[in-house]
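Hi there,

Here is the structure I promised to pass on. Please have a look at it first, and then read my notes below.

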Amino acid sequence: MLPWFRDRVTVERQAKEILEYESYQIPGLLQTEDYARAVVDSVRPTLSAEAIENVVALRMTRQQILEPDDSTPLDQDNDTHLWAILDESALDRPVGSPGIMRAQREHLLIMASRPNITIQIIPNAEGVTCAFGRVFAVLVPRSKNSTVVYFEDKVIT
C-alpha cells in the first residue's frame, strides 16, 4: 500500500461518518470485487495479476467498516455511516462486462437499504455540479480529532 493511502485507510477506520463524492466510478467502499478488479486493471494496467489482487483485497477489507457492529449496546451507535454522492454517469459507464455492471448496481441497491448507508445520485440532466470531476471524501472521526478532507492528490486537515 502506498504511504499516502495508508493514512486514508487509518483515518477511515476511525471515522464515525464518511461523506464521499465520486463523479467517475462507484466509490471503493461500495464496489463489488469484480468491479474493483476491472477498475484497478484499467487504471493501473502495468500492475501484475498478483498486485491487482492485493489492491482488490485491500478494497474489500476496507469495506468491513460498513458492517454492523452487533456488539453495540442498543443505546450507542458505533456503526460507521457512509453518505455517498455519485454522478449518474458512474452507473452507466461500462466497467468490465455487462454482468459486472448488473451485479454492481444490484450491490448498490443492497447497500443503500442499510441504515448506516445513504447513496444519492446526481442525474446527468443536472449538468455540471460544483465538484464536477473532483473526487473527495470527508472523514469525521469518532474522537475529538479534526475532520479530514481527502482529495486524490492531497489531504487537508
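**What I found**

Of the 157 residues in the protein chain, 38% are buried. Please keep in mind that this is a predicted model.

Let me begin with the overall layout. The protein chain has five helices and six strands. Read from the N terminus, its elements follow the order α-β-α-α-β-α-α-β-β-β-β. Among the contacts with a separation of 6 or more, 68% are between residues 24 or more positions apart. As for the surface, the accessible area of the protein chain is about 9,300 Å², and carbon and sulfur atoms contribute 55% of that.

Next, a pair of strands. Strand E4 covers residues 136–141 and strand E5 covers residues 148–151; the two run antiparallel and are joined by four bridges. Together E4 and E5 make a hairpin, with six residues lying between them. If you would like one pairing to look up on screen, take Val138, whose bridge partner in E5 is Val149.

Finally, a residue in a helix: Glu33, which belongs to helix H2 (residues 33–43). Is Glu33 buried, exposed or partly exposed? Its relative accessibility is 42%, and because partly exposed covers the range between under 20% and over 50%, Glu33 counts as partly exposed. Which residues does Glu33 touch, leaving aside those up to four places away in sequence? They are Val56 and Met60. Glu33 and Met60 are 27 residues apart in sequence, yet their C-alpha atoms are 6.9 Å apart in space.

Happy browsing, and write back with any questions!

Best wishes

Notes. Residues are numbered from 1 along each chain as its sequence is written. This is a predicted model: local features need pLDDT of at least 70, side-chain atom pairs count only at pLDDT 80 or more; totals for chains, interfaces and linings use all residues. Side-chain values use heavy atoms; hydrogens and water are left out. Buried means under 20% relative accessible area, exposed over 50%, partly exposed in between (1.4 Å probe, protein chains only). Contact means heavy atoms within 4.5 Å. Accessible areas come from the Shrake-Rupley method with a 1.4 Å probe; for residues, only the protein chains shown count as cover. Two strands pair if DSSP finds at least two bridges between them.
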